[in-house]
Amino acid sequence: MEILDGKKISNQIKEEIAAEVAQMKERGEKVPHLAAVIVGNDGASMTYVNSKVRSCEKVGFESTLIRLPSTTSELELLKKIDQLNQDDDIDGFIVQLPLPEQIDTQKVIMAIDPDKDVDGFHPTNFGKMALDMSTFIPATPFGILELLERYNVETKGKHTVVIGRSHIVGRPMSILMGRKGWPGNSTVTLTHSHTKNITQIISQADIVISALGVPHFLKAEMVKDDAVVIDVGITRVPDESREKGYYLAGDVDFENVSKKASFITPVPGGVGPMTIAMLLKNTLLAREQHRG
Ligand code: GUN
């Protein structure tokens, strides 16, 4: 069994990006600038966004964090997005999800200039991804592809089972694993809350990608010997004995599944750090495209 070490690989990617930024600076060019908008003060979302901003600093990007109150109206957020669309200094930006219920998420995503949509959530970019065109690939699925590639995991002809059909992870992942090329060329089953016989389907998977958000859902008896197991779940489970009052749990019963898997991602330190590294990669790409 080999651990797909997202922390290590994400650090390598950040070093590669930092080296490119250093060259940009040497040539006297503008460095990439990422803005992140967060509405409200959800603890997990704040942690993610702060981590994204800190990573920008680490690789030499400029970053701007825009914090809006949880009472922000849809119109106010749309105005902020328009400002960011118009601001030539900003190469790319993200609006952290989920948004408070008074705001229509689809409207917000539609308002983002596709050329600055480094999350790859805009229908233009999502459509390009599905059509094998060059675009911003959503950071979490992009990070999983990168992990599979850097560990030389074979995906061609394999049966990949994706658990969860979210727009951020499951849906794009199911498209990407079935695309031509590598990592890809796999036969994909996208499972969700209405899937019948889900355990039977999972037991046939060569590659399982779980993006469900149910701690320890995936048990050893559910996976095939030598399966590749990717755990996207990251749930805060309350635990007063911990300093933070919670611990982070993946979808996978790591202790037992790891004994059967050929490759497996840990939580934390697997997919999570890769997401941030790939967001930085998309922002670098956005800068290069804006430069023409
Ligand atoms: N919420 C959870 N994951 C993500 C992500 O990758 N991007 C944004 N904008 N919000 C998220």
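Is N197 buried or exposed? In this predicted model, N197 is exposed, because 9 other C-beta atoms are found within 10 Å of its own, and a residue counts as exposed at 12 or fewer. N197 belongs to the loop between strand 6 and helix 8 (198–203). Its phi is near 55°, a positive value in a residue other than glycine. A second residue of this kind is D226, which is not a glycine and has a positive phi of about 70°. D226 is placed in the loop between strand 7 and strand 8 (228–231). It counts as exposed because it has 11 C-beta neighbours inside 10 Å. A positive phi, near 55°, is also found at N152, which follows helix 6.

Two cis peptide bonds are described next. One runs from W182 to P183, with omega near -5°, and P183 lies in the loop between helix 7 and strand 6. Another joins V267 and P268, where omega is about -5°; P268 is located in the loop between strand 11 (263–264) and helix 10. Most residues other than glycine have a negative phi, and most peptide bonds are trans.

At the level of domains, the protein chain is divided into domain 1 (27–113) and domain 2 (139–273). The centres of domain 1 and domain 2, taken over C-alpha atoms, are separated by 27 Å. Both domains take part in the surroundings of the ligand: the shell draws at least three residues from each of domain 1 and domain 2. The residues around the ligand are I94, V95, Q96, L97, D119, A139, T140, I168 and T275. Strand 4 (92–95) and helix 6 (139–150) are the elements that give two or more residues to this shell. By class, the shell consists of 5 nonpolar, 3 polar and 1 charged residues.

Helix 6 was examined further. Its 12 residues should span 16 Å at 1.5 Å a residue, and the separation of its end C-alpha atoms, 16 Å, agrees with this expectation. Helix 6 is largely enclosed by the rest of the structure, because 10 of its 12 residues are buried. The buried residues are A139, T140, P141, F142, G143, I144, L145, E146, L147 and L148; among them, A139 and T140 also belong to the residues around the ligand. The buried residues of helix 6 pack against helix 1 (6–26), helix 7, strand 7, strand 8 and helix 10.

Helix 7 (residues 170–178), one of the packing partners of helix 6, is mostly covered, with 8 of its 9 residues buried. These are G170, R171, P172, M173, S174, I175, L176 and M177. The buried residues of helix 7 pack in turn against helix 5 (123–130), helix 6, strand 5 (159–163), strand 6 (187–191) and strand 7 (207–210).

Helix 10 (residues 271–291), another packing partner of helix 6, contains A277. A277 counts as buried because it has 24 C-beta neighbours inside 10 Å, the threshold being 20 or more. When residues up to four places away in sequence are not counted, A277 touches S10, I13, K14 and G143. One of these contacts, G143, is a buried residue of helix 6. The C-alpha atoms of A277 and V169 are separated by 16 Å, and the two residues are 108 residues apart along the chain.

Helix 3 (residues 74–86) presents a two-sided pattern of burial. At 1.5 Å a residue, its 13 residues should span 18 Å, which agrees with the 18 Å between its end C-alpha atoms. In helix 3, L77, K80, I81 and L84 are buried. These four cover an arc of only 100° around the axis, which means that they are on the same side of helix 3. An α-helix has 3.6 residues a turn, so residues three or four places apart point the same way. On the other side of helix 3, the exposed residues are L75, K79, Q83 and Q86. The buried residues of helix 3 pack against strand 2 (33–39), strand 3 (62–68), strand 4 and helix 4 (105–111). Strand 4 thus recurs in two settings, as an element that gives two or more residues to the shell around the ligand and as a packing partner of the buried residues of helix 3.

Conventions
Residues numbered from 1 in each chain as written. Predicted model: local features only at pLDDT ≥ 70, side-chain atom pairs only at ≥ 80, totals over all residues. Near = placed C-beta within 6 Å. Nonpolar A, V, L, I, M, F, W, Y, C, P; charged D, E, K, R; others polar. Domains from an automatic or database assignment. Expected span 1.5 Å × (residues − 1). Arc of directions from axis to C-beta. Contact = placed C-beta atoms within 7 Å.
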